[in-house]
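Trainee: I'd like a close look at one part of this protein. Please take me through its nonpolar interior, and then through the pocket.

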Amino acid sequence: MLETAQAASAWQSHLVVDLSDRLVYVYRDDRLQASYPVAVGQLGWETPTGSFQVLQMNQNPAWRQPITGEVIPSGANDNPLGDRWIGFWSDGRHQIGFHGTNEEHLIGQAVSHGCLRMRNQDIRMLYQQVAKGTLVLVRR
């Protein structure tokens with residue numbers, strides 16, 4: 001039943017990411033519900049812009065380093081994803097999404113490989129506000 005309720009809320013909710021402000025805004029029924037600061041993609045690894053949908057939601061994700069392919073297991077202290085993953089873009093090889101971080105002091109900067117890093121407490125809250133299918137608009 002909870003999954004059905006979350007899926008229904010996906011059509012009522014949407015996210016707007018403003019890369020210039022480095023914030024994600026959560027809307028429900030076109031009313032602003034919350035906003036959270038994010039770190040964005042660095043030069044050469046820019047966060048893609050456009051209209052997307054949440055494709056994946058995972059708790060305690062493992063991380064594959066996009067250059068070396070090294071896998072950092074879930075729960076490891078050096079796992080840069082934190083304990084939540086909300087994926088919304090993939091080219092079949094790389095994935096982009098919202099996630100926590102083990103370096104919260106970098107929130108607000110252009111430091112990621114395209115993902116939107118969030119404070120761990122914020123990604124946990126966002127995770128409860130979206131579902132697969134939630135619209136994600138990313139703009140400059």
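Mentor: Here is the interior, followed by the pocket.

Keep in mind that this is a predicted model. Start with the largest nonpolar core. It holds 24 residues. Inside it, Phe98, Leu126 and Val136 have the most contacts. In general, nonpolar side chains in soluble globular proteins tend to be buried together.

Which elements build this core? Those giving two or more residues are the strands β1 (13-18), β2 (23-28), β3 (31-37), β9 (84-90), β10 (95-99) and β13 (135-139), along with the helix α2 (120-129). The top contributor is α2, with three residues.

Now zoom in on Phe98. Leave aside its neighbours within four places in sequence. Phe98 then touches Leu15, Val17 and Val24. Its contacts also include Arg84, Trp85, Ile86 and Phe88. Leu116, Met118 and Ile123 are on the list too, as are Leu126 and Val136.

There is also a second, separate core. This one has five residues, among them Trp63, Ile72, Trp85 and Cys115.

Trp63 and Trp85 take us to the largest pocket. Both are among the residues nearest its centre, with Arg64, Pro66 and Gln95. The pocket encloses about 530 Å³ of space. Its lining counts 24 residues. Ten of these are nonpolar, nine are polar and five are charged.

Which elements line the pocket? β6 (56-59), β7 (63-64) and β10 each give two or more residues. β10 gives the most, with three. So β10 has a part in both places: it gives residues to the largest core and to the pocket lining.

Definitions and conventions:
Residues are numbered from 1 along each chain as its sequence is written. This is a predicted model: local features need pLDDT of at least 70, side-chain atom pairs count only at pLDDT 80 or more; totals for chains, interfaces and linings use all residues. Side-chain values use heavy atoms; hydrogens and water are left out. A nonpolar core is a set of buried Ala, Val, Leu, Ile, Met, Phe, Trp, Tyr and Cys residues joined through side-chain atoms within 4.5 Å. Buried means under 20% relative accessible area, exposed over 50%, partly exposed in between (1.4 Å probe, protein chains only). Helices (H or I, at least four residues) and strands (E, at least two) are DSSP runs, numbered from the N terminus. Contact means heavy atoms within 4.5 Å. On a 1 Å grid over the protein atoms alone, a cavity is a set of points where a 1.4 Å probe fits but cannot get out, and a pocket is an open set with protein on both sides within 12 Å along at least five of seven lines; lining residues have an atom within 4 Å of a point. Grid points are joined across faces, edges and corners, and a volume is the space filled by probe spheres set on the points. Ala, Val, Leu, Ile, Met, Phe, Trp, Tyr, Cys and Pro count as nonpolar, Asp, Glu, Lys and Arg as charged, and the others, Gly among them, as polar.
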